[in-house]
Amino acid sequence: MKLKTRLRVTFASIILLPLLLSVMCFVVIAIYLVNINHGEDFTKLDYATMTDNIQEVVNATDEAYFILQEQVRTNPLKLEDKRFLKQVNDDVSRKSTYLIVRKNETIYYAGNMMAARKIMDRLPDYGEKQLADETGYYFNDLEQYVKQIDFRFSDGGKGSVFIITSASTLISRQLLFNMVIAIICILCITSLVLTQWIQKSVFNPINQLNIAMRKIKEGNFDYSLPTEDKGEIGDLYRNYEDMRLRLKESTEEKRQNEERNKELISNISHDLKTPITAIKGYVEGIMDGVADTPEKVDKYIRTVYNKANDMDRLINELAVYSNIDNNRIPYNFHRINVVDYFEDCVEEVGLDLDSMNVRLNYSNMVDSDVIVIADPEQMKKVINNIISNSVKYMDKPQGVINIRVLDESDSIRVEIEDNGKGIAQKDLQNIFDRFYRTDASRNSAKGGSGIGLSIVKKIIEDHGGYIWATSQEGEGTCMHFVLRKYIELQQDG
């Protein structure tokens, strides 16, 4: 439930709930008091008994008394007409007054039969002297104010008209007291219920969110706040969960990057130390005259040159790695003829492989006019990284690398296969992850930064292609990557 709706419900409840409960209490208390004090029928309840003072009661009784007394003087027979009696009774019943007409010892007419039966036996006999007093009399135990008028029926029977009025002021006081208590209880209950509801639906969730934010401040990203609420509280909880998960992911990624950077620095330091040590050793050999023949000097210089190239390659990998993290690898795409490009690459790579006692086999199965959109320099980096990785882990006396370019309808597939150690199946799916190493395929003793294949994957994917590897331990590994062909649209006309 939304907060705006909660406020509306609270506002309506503060007004309507106490009002409704007060009315209900008023009705229940009134019925109870009237029935207890007067035994009156619920259907004939007159709330004047609870609000009129004694003077109003006396006035109502006197009014009826004078009307009936006038009829006794002028036309006594009128008192035998029940319609007349009912008319008089209806006029005074609004003041909780009713008539009883007694003929001899029986009830001839009663405006309230239930009440008449209770008081009938208490009414004085016809002609008793004290009843001639117009002031009437009052029954304390029944709380009834009574006036009596005697007359004779047309057949000579003794008749008495009793004007009886409920005259309890106790009811009014008791009702007032009970209503005050009831209203206080109603207000307390309403306040308690609304307070608990607001506490449960608003303040408790906010307190939980406050605790959760403290957990975030302390670096604990595992404190979750699940909720099914559809209102603002639910939205707040869901936003917190999104924030928590993103912070947790960001923190975890930052931690992993820090570990990877430490590993990268360690790997680069190790890999740079090796060629630098070799360069120093060979240069010292030349300076000390160990290389005493032109052949040895030439060999030492070539070795120094190769080690310097290794250092240059490592530095280039660092630069590419930095660009990958910033997503800023520079590309210069061109339309490239597949046959011409790979023949040039194979020719260039073949010279280096010959010096390493590695045989290179090349086959191209695509048509001579097949074109792809690619960056020549970045694609050359892909091929060089894959081949250098194969050479690094070559364990056969005669190394073999096969390069195949295959035609696959709307794309080309390049396969670079070696006869090296191979990669275990459990490690195969991870070799393109940054810094991933295995004992079988990327032993740290071989050196390397551990980011070569991740760079390869990034470049291939930026070209709109994809790469994967197949391998069998002890026999070798094959890298496959696919590039889409360039198809020039033919214009009509």
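The following legends describe an overview and several close-up views of a predicted model.

**Figure 1. Overview of the protein chain in the predicted model.** The protein chain comprises 493 residues, of which 40% count as buried. Its secondary structure consists of 12 helices and 12 strands. Among contacts with a sequence separation of 6 or more, 65% join residues that are 24 or more positions apart. The chain exposes about 28800 Å², and carbon and sulfur atoms supply 54% of this area.

**Figure 2. Surroundings of Asn89 in helix α4.** Asn89 belongs to helix α4, which spans residues 82-92. With a relative accessibility of 5%, Asn89 counts as buried, because this value is under the 20% limit for that class. The side chain of Asn89 reaches the backbone nitrogen of Leu99 at 2.9 Å. Leu99 is also one of the contact partners of Asn89 once neighbours within four places in sequence are left aside; the others are Thr97, Tyr98, Tyr109 and Gly111. The C-alpha atoms of Asn89 and Ala110 are separated by 8.8 Å, and these two residues are 21 residues apart along the chain.

**Figure 3. Aromatic pair of Tyr65 and Phe66.** The structure holds seven aromatic pairs. One of them is formed by Tyr65 and Phe66, whose ring centres are 5.7 Å apart. The angle between the two planes is 70°, and the pair is edge-to-face, because planes over 60 degrees apart are classed in this way. The two partners fall into separate accessibility classes: Tyr65 is buried, with a relative accessible area of 4%, whereas Phe66 is partly exposed, with a relative accessible area of 46%.

**Figure 4. Aromatic pair of Phe151 and Phe153, and the cluster that includes Tyr108.** The rings of Phe151 and Phe153 lie 5.0 Å apart, centre to centre, with 50° between their planes. This pair is tilted, because its angle falls between the limits of 30 degrees for stacked and 60 degrees for edge-to-face rings. Both partners are buried: the relative accessible area is 3% for Phe151 and 4% for Phe153. Ring pairs link Phe151 and Phe153 with Tyr108 into a cluster.

**Figure 5. His463 in the loop between α12 and β11.** The loop that holds His463 connects helix α12 (452-462) to strand β11 (466-472). Although placed in a loop, His463 counts as buried, at 12% relative accessibility. A polar atom of the His463 side chain lies 2.8 Å from the backbone oxygen of Ile459. Residues up to four places away in sequence aside, His463 touches Tyr331, Phe333, Ile373, Ala374, Asp375, Gln378, Met379 and Leu483. The aromatic residues Tyr331 and Phe333 are thus shown together with Asp375 and Gln378 among the surroundings of His463.

**Figure 6. Nonpolar surface patch of Met213, Met243 and Leu247.** These three residues form a nonpolar patch on the surface. Together, Met213, Met243 and Leu247 have about 220 Å² of accessible area. Met213 lies in helix α6, which covers residues 170-217. The relative accessible area of Met213 is 37%, so this residue is partly exposed. Met213 can therefore belong to a patch, because its value of 37% is over the 30% required of patch residues.

Technical notes
Residues are numbered from 1 along each chain as its sequence is written. This is a predicted model: local features need pLDDT of at least 70, side-chain atom pairs count only at pLDDT 80 or more; totals for chains, interfaces and linings use all residues. Side-chain values use heavy atoms; hydrogens and water are left out. Patches are made of residues with over 30% relative accessible area and no salt bridge: like charges are joined within 9 Å, nonpolar side chains (Val, Leu, Ile, Met, Phe, Trp, Tyr) within 5 Å. Accessible areas come from the Shrake-Rupley method with a 1.4 Å probe; for residues, only the protein chains shown count as cover. A salt bridge is a side-chain nitrogen of Lys or Arg within 4 Å of a carboxyl oxygen of Asp or Glu. Helices (H or I, at least four residues) and strands (E, at least two) are DSSP runs, numbered from the N terminus. Buried means under 20% relative accessible area, exposed over 50%, partly exposed in between (1.4 Å probe, protein chains only). Contact means heavy atoms within 4.5 Å. A polar contact is a pair of N or O atoms within 3.5 Å; within protein, one must be able to donate a hydrogen and the other to accept it, and residues adjacent in sequence count only if both atoms are side-chain atoms. Rings of Phe, Tyr and Trp (its six-membered ring) pair if their centres lie within 6.5 Å; planes under 30 degrees apart count as stacked, over 60 as edge-to-face and the rest as tilted.
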